[in-house]
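Please open the model in your viewer and keep the sequence panel beside it. The stops below go from one selection to the next, with a short account of what is to be found at each.

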Amino acid sequence: MDAIKKEAQNRMDKSIRNLKEEFNAIRTGRASASLFDKVMVDYYGTPTPLNQVASISVPEARLIAIQPWDKGSLGAIEKAIFASELGLTPANDGKVIRINIPPLTEDRRKELVKIAKNTAENNRIAIRNIRRDINESIKKSQKDGEITEDAMKASLDDIQNVTNDFIKKIDGLLSEKEKEIMEI
């Protein structure tokens, strides 16, 4: 039964990692290189992650500098940033692309909090679906005579405790993200 518990934890860990990645993509009022994790640049006909064609630095709290390793890719990088859903305007000086991160309006902050809450809820649902799948396999094992009814009940309780722990992790991450978004 430890193997089933381990499988549940591994699958739920993946869901937490996914949530963290999605939260990184939600823009706050601060500059962060992780904003560009999902930006793909058309690099000589091949979609390539931005961080593989340029260095991304944060010289100031509200400024991001993107310096391509190949000057010929400046236009493609600029186009990729415009095409992204980040709503940022790059300024190209021929060597470096600078992006000023404007302060967020109160309405935009509330909208971003809603997006974060929705993302967190989707991940809670994923965790519960994992729990359901694992519980079904435990019940099947008991039905097939592989484990006793007491062992089944103990395993179901273990899986519920693991699920509760992961839901608490999601709630904690959401709370952190909300604070970050609402910070002025």
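Two strands are taken to pair if DSSP finds at least two bridges between them. With that in mind, and remembering that this is a predicted model, begin with the sheet.

**The sheet**

Select strands 3, 4, 5 and 6, which form an open sheet in the order 3-4-6-5 with antiparallel pairing. At its edges are strand 3 (54–60) and strand 5 (90–92), each of which pairs on one side only. Looking across the sheet, you will find neighbouring strands turned by 25° against each other on average, with direction ignored.

Now restrict the view to strand 3 and strand 4 (residues 63–68), which are joined by a hairpin through two residues and pair over five bridges in the antiparallel sense. To see one of these contacts, pick Ile56, whose bridge partner in strand 4 is Ile66. Then move to strand 5 and strand 6 (residues 97–100), an antiparallel pair with three bridges, where Ala91 has Arg98 of strand 6 as its bridge partner.

**Helix 2**

Next select helix 2 (residues 74–83) and colour Leu74, Ile77, Glu78, Ala80 and Ile81, which are buried. They lie on the same side of helix 2, because they cover an arc of only 160° around the axis. The buried residues of helix 2 pack against strand 1 (40–43) as well as strands 3, 4, 5 and 6, whereas the face turned away from the buried side carries the exposed residues Lys79, Phe82 and Ala83.

**The largest nonpolar core**

Which residues have the most contacts inside the largest nonpolar core? They are Phe23, Ile134 and Ile138, in a core of 27 residues. Helix 1 (2–25), helix 3 (106–143) and helix 4 (149–182) each supply at least two residues of this core, and the largest share, 10 residues, comes from helix 4. Apart from this core lies another, of 19 residues, among them Ala31, Leu50, Ile77 and Ile99.

Return to Ile134 and display its surroundings: not counting residues up to four places away in sequence, Ile134 touches Ile4, Glu7, Ala8, Arg11 and Ile159.

**A polar residue in helix 3**

Select Asn123, which is found in helix 3. Is Asn123 buried or exposed? Asn123 counts as buried because its relative accessibility is 3%, and the cut-off for buried is under 20%. Leaving aside neighbours within four places in sequence, Asn123 is in contact with Ser15, Asn18, Leu19, Glu22 and Ile170.

**Salt bridges**

For the last stop, show the charged side chains; a search of the whole structure finds 12 salt bridges. Start with Glu7 and Arg11, whose side chains meet in a salt bridge at 3.6 Å, N to O. These two are four residues apart in helix 1, which means that about one helical turn separates them. Glu7 counts as partly exposed at 39% relative accessibility, and Arg11 counts as partly exposed at 28%.

Keep Arg11 selected and add Asp133, since the side chains of Asp133 and Arg11 also meet in a salt bridge, at 3.1 Å, N to O. Asp133 lies in helix 3 and Arg11 in helix 1, so this pair ties together parts that are 122 residues apart in sequence. Through salt bridges that share partners, Glu7, Arg11, Arg132, Asp133 and Glu136 are joined into one network.

Finish at Asp144 and Lys140, whose side chains meet in a salt bridge at 2.9 Å, N to O; Asp144 is partly exposed, with a relative accessible area of 44%.

Terms used. Residues numbered from 1 in each chain as written. Predicted model: local features only at pLDDT ≥ 70, side-chain atom pairs only at ≥ 80, totals over all residues. Heavy atoms only, no water. Axes fitted to C-alpha atoms, helices over the stretch in contact; angles between N-to-C directions. Core = buried A, V, L, I, M, F, W, Y, C linked by side-chain atoms within 4.5 Å. Buried < 20%, exposed > 50% of the residue type's maximum accessible area, 1.4 Å probe, protein only. Contact = heavy atoms within 4.5 Å. Arc of directions from axis to C-beta. Salt bridge = Lys/Arg side-chain N within 4 Å of Asp/Glu carboxyl O.
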